[in-house]
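Got the model open on your screen? Let's walk through it together, one piece at a time.

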Amino acid sequence: MLRKLPFVLVFILCSLTNSWGGNDFQYRHIGMEDGLTSNTVRHITQDKYGYMWFGTDNGLCRYDGIKVQPYRIAENKSNQYITALLPIDEGLLVGTEGGVFLLRYDTDGFERLPINIHSAVTSLSFDKEGNLWMSTSQQGIWCYAINSDKKEVRHYDFLQTNGYVSQVFADNVNQIWAVTNWGNYGVSRLNRLHAKFERISFN
């Protein structure tokens, strides 16, 4: 399903520098000729060390300002399609078409999060309590208490959209919102009392 969505095939990195005459923009194009594993980039983020990370159709890439370093998730074999990225203190959370992995800085290796996701992850985000929220293309939304001792996992089906949720996120008062653009599409908010997402109507 995600493969049918239109995406920009070429991206540009832009850095802002100051000069006597004002601001000058300097551009550099990065593509497969520079080591990128695909020219189709699905997600871009920057970690605490300043590295740029690119999730492509054919693997994860790190850019240090000079060169591109590719990463492959061995467990996913030939399917290296990266769908979402989220940096954390320990490393980088990587969404794929078959679950979420943590690329650890200390080992430079991947660990699968213990969640039964077998469809494409469409977004990753944290709430103010440190819970990791994950939306998917077929299995609705998952919440994982990644920083707690119990590591509790909660699941929300979204049957009204055949399990497709394009994004989930927490607002500044820690309300959880979901955006869908498939089936009974729209915006939903989590009712914590009843542990379910409820559709919000806008006039």
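Start with four strands that form an open sheet, lined up in the order β7-β8-β9-β10, with antiparallel pairing. What stands at the edges of this sheet? That would be β7 (82–87) and β10 (110–112); each of them has a single partner strand, so one side of each is left without a neighbour in the sheet. The strands aren't lined up perfectly either: neighbours in this sheet are turned by 25° against each other on average, if you ignore direction. And what holds strands side by side in general? Strands of a sheet pair through backbone hydrogen bonds, and they can do that either parallel or antiparallel.

Now zoom in on one pair from that sheet. Strand β8 covers residues 91–96 and strand β9 covers residues 99–104, and six bridges join these antiparallel strands. If you want a spot to look at, find Leu-93, which stands opposite Leu-102 in β9.

Before we move on, step back for the whole chain. Keep in mind that this is a predicted model. How many helices and strands are there in the chain? The count is zero helices and 18 strands. Of the 203 residues in the chain, 45% are buried. The accessible surface comes to about 11,500 Å², and carbon and sulfur atoms account for 50% of it. Contacts also link parts of the sequence that are well separated: taking contacts between residues at least 6 apart in sequence, 35% join residues at least 24 apart.

Next, head over to strand β13 (residues 141–144). Ile-141 and Cys-143 point one way from this strand, while Trp-142 and Tyr-144 point the other way, yet all of them are buried. β13 has pairing partners to look at, too. With strand β12 (residues 132–136) it pairs in the antiparallel sense over four bridges, and Leu-132 has Tyr-144 of β13 as its bridge partner. With β14, β13 again pairs in the antiparallel sense over four bridges; here Cys-143 stands opposite Arg-154 in β14. Back at the hairpin of β12 and β13, there are four residues between the strands, and Gly-140 takes a positive phi near 70°.

One residue of β12 deserves a stop of its own: Thr-136. Is Thr-136 buried or exposed? Its relative accessible area is 0%, so Thr-136 counts as buried. What does it touch? Leaving out residues up to four places away in sequence, its contacts include Ile-117, Ser-119, Ala-120, Val-121 and Thr-122, along with Trp-142 from β13. Gly-163, Tyr-164 and Val-165 are also among the residues that Thr-136 touches. On top of that, the side chain of Thr-136 reaches the backbone nitrogen of Gln-139 at 2.8 Å.

Our last stop is the loop between β14 (153–156) and β15 (167–170), where you'll find Phe-158. Phe-158 has a phi near 60°, a positive value in a residue other than glycine. Asn-162 sits in the loop between β14 and β15 as well, and it has a positive phi of about 55° although it is not a glycine. Which of these is buried and which is exposed? Phe-158 is buried, because its relative accessible area is 5%, under the 20% cut-off. Asn-162, on the other hand, counts as exposed, because its relative accessibility is 58%, over the 50% cut-off.

Notes. Residues numbered from 1 in each chain as written. Predicted model: local features only at pLDDT ≥ 70, side-chain atom pairs only at ≥ 80, totals over all residues. Heavy atoms only, no water. Helix = DSSP H or I, 4+ residues; strand = E, 2+ residues; numbered from the N terminus. Buried < 20%, exposed > 50% of the residue type's maximum accessible area, 1.4 Å probe, protein only. Contact = heavy atoms within 4.5 Å. Areas by Shrake-Rupley, 256 points an atom, 1.4 Å probe, with all protein chains shown as cover. Pairing = 2+ DSSP bridges. Axes fitted to C-alpha atoms, helices over the stretch in contact; angles between N-to-C directions. Polar contact = N/O pair within 3.5 Å; in protein donor to acceptor, adjacent residues only side chain to side chain.
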